[in-house]
Amino acid sequence: MEMNDTTRLADMSTMSPARLLWRYCLPAVVGMLVMSLYNIIDRVFIGQGVGPEAIAGLAITFPVMNLSAALGVLIGAGGSARISILLGAGDEHGAKKVLGNALVMLAVIIVCYLTAFAVFIDDILMAFGASEVTLPYARDFMLYILPGMFMTNFAFTFNNFMRVTGYPVKAMVTMFIGAGINVILAPLFLFVMGWGIKGAAIATDISMGVSAIFVMAHFFNKGHTLHFETSGRMYRLSAKVMASIVAIGAAPSLVNAAACFINVIINKTLYQYGGDIAVAAAGIFTSYTSLMTMVVVGICQGMQPIVGFNYGAGLYHRLKSTYWLAVLVSTVIVTTGQIVGLVFPGSIARAFTSDAGLIDATSTCLGNALMAFTVVGFQTISTTLFQSLGKAGASIFLSLTRQVLFLIPLLILLPPRFGLIGIWWSFPLSDLLATMVTVAMVAYELRVISRLAAATSPRMA
């Protein structure tokens, strides 16, 4: 018999952390991996079917896509963290208020940024590093992907809400639906219809639209604990609720926003020291590493409701067990990806292109930029730990250490002295420096949690 919502939420505080993490992380990881795979498949089709210039043009759009994701994550990550904490504390009314406010906030934000992108698209792409060669490809993709960005934000945001309310498998299935449609439509539009790079964008629009419909339908079902109500009270914006969403969601949102501007700096620096071929190599590097990072993000999504719920319920020992398991699994994933990238860089490059110059450039990029990739799992999981606990300030600071505190200065200092190789070295050096900060902050926070556990009843200690 299918579990009801009460049973699903009760499992958060009774099931073993290992089983619970498996239940929530596996669907989240599969969902994120499928989403990452179909984005990579788009890039493979574009690279093989259009050419290296198209890959470079697509790489120019990454900052725009990151900025869109940052605005969606602001609501999705912040709202899901608040909902899991409130449900752990038994406050269903508060959780519904967060759901309603999140819907209104997301709709307003999407309308604002889509309008800005549509009006200033050429200026934005040129500012983000497009050249005269790559601008037409980047523009074609962006003009057709804009409607899909609207759907993507709704699909991902409410997919997070679905997961934290006890439906991780259903959340995964909604991502499978969109991914399956995209894998079928992308080659059809690119090769059979001959639509080029815009065909990949249109395929994404359709697939994300279908995913969004499936996700939103879940919350119109009144049989679920968390659902949309006909009363307007849950949609009435509350300064307190909005502030709680933004405070927690600011950390992962700033990561994506910072990634946007970091990509601008990287693209411009790459073009200066290596031209369009270096920009295309960085695009392949990003596509490859996204496979591992999306798996880690999936683990974060699975971990977050467990940590948040048990923190709200005062079960601190379960919180720590879940965190360390997530760190272990994430580290194994990224280390495996690092080894494969270092040993087989040419094979990875050839999956995206047959251009000899781009294959050589990508091999050099992977061989240097992946040197410290093994620490990325620990960094990402630790940032999510602070987010899940509602520690907005710590989460924001930690999320920005690698990209803003270390990577930007390294990108300014190293290339003038070492050229293009200095850009690739900036990535592992910033990873290592950020890890040192992460270790110190996590060690302090775990001591605080241990003191909280000791101060509660023996059952929770």
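Which residues in α13 meet which residues in α15? In this predicted model, the α13 side of the contact consists of Val 376, Phe 378, Gln 379, Ser 382 and Phe 386. These meet Asp 431, Ala 434, Thr 435, Thr 438, Val 439, Met 441, Val 442 and Glu 445 in α15. By residue class, the contact of α13 with α15 divides into seven nonpolar, four polar and two charged residues.

Helix α13 spans residues 376–388 and helix α15 spans residues 420–455. The two pack at an angle of about 40°, and their axes lie 10 Å apart. This angle makes α13 oblique to α15. The crossing of α13 and α15 is left-handed.

A second helix pair is formed by α11, residues 345–352, and α12, residues 356–369. Here the packing angle is about 135° and the axes are 8 Å apart. Angles over 145 degrees would count as roughly antiparallel and those of 65 to 115 as roughly perpendicular; α11 and α12 are therefore oblique to each other. The crossing of α11 and α12 is right-handed. On the α11 side, Pro 345, Gly 346, Ile 348, Ala 349 and Arg 350 take part, and in α12 they meet Ile 359, Thr 362, Ser 363 and Leu 366. The residues of this contact comprise five nonpolar, three polar and one charged.

Thr 362, part of the α12 side of that contact, was also compared in position with Gly 283. The C-alpha atoms of Gly 283 and Thr 362 are 9.0 Å apart in space, while the two residues are 79 residues apart in sequence. Gly 283 belongs to helix α9. Its relative accessibility is 4%, so Gly 283 counts as buried, the cut-off being under 20%.

The largest nonpolar core has 110 residues. Within this core, the residues with the most contacts are Leu 125, Met 142, Phe 158, Phe 219 and Ile 381. Helix α9, residues 239–313, gives the most to the core, with 24 residues. For Phe 219, leaving aside neighbours within four places in sequence, the contacts are with Leu 99, Phe 158, Phe 161, Met 162, Leu 226, His 227 and Phe 228. Apart from the 110-residue core lies another core, of five residues, including Leu 185, Ala 186, Ile 202 and Ala 203.

Technical notes: Residues numbered from 1 in each chain as written. Predicted model: local features only at pLDDT ≥ 70, side-chain atom pairs only at ≥ 80, totals over all residues. Heavy atoms only, no water. Axes fitted to C-alpha atoms, helices over the stretch in contact; angles between N-to-C directions. Helix = DSSP H or I, 4+ residues; strand = E, 2+ residues; numbered from the N terminus. Parallel < 35°, antiparallel > 145°, perpendicular 65-115°, else oblique. Left-handed = near helix turned anticlockwise from the far one by under 90°. Contact = heavy atoms within 4.5 Å. Nonpolar A, V, L, I, M, F, W, Y, C, P; charged D, E, K, R; others polar. Core = buried A, V, L, I, M, F, W, Y, C linked by side-chain atoms within 4.5 Å. Buried < 20%, exposed > 50% of the residue type's maximum accessible area, 1.4 Å probe, protein only.
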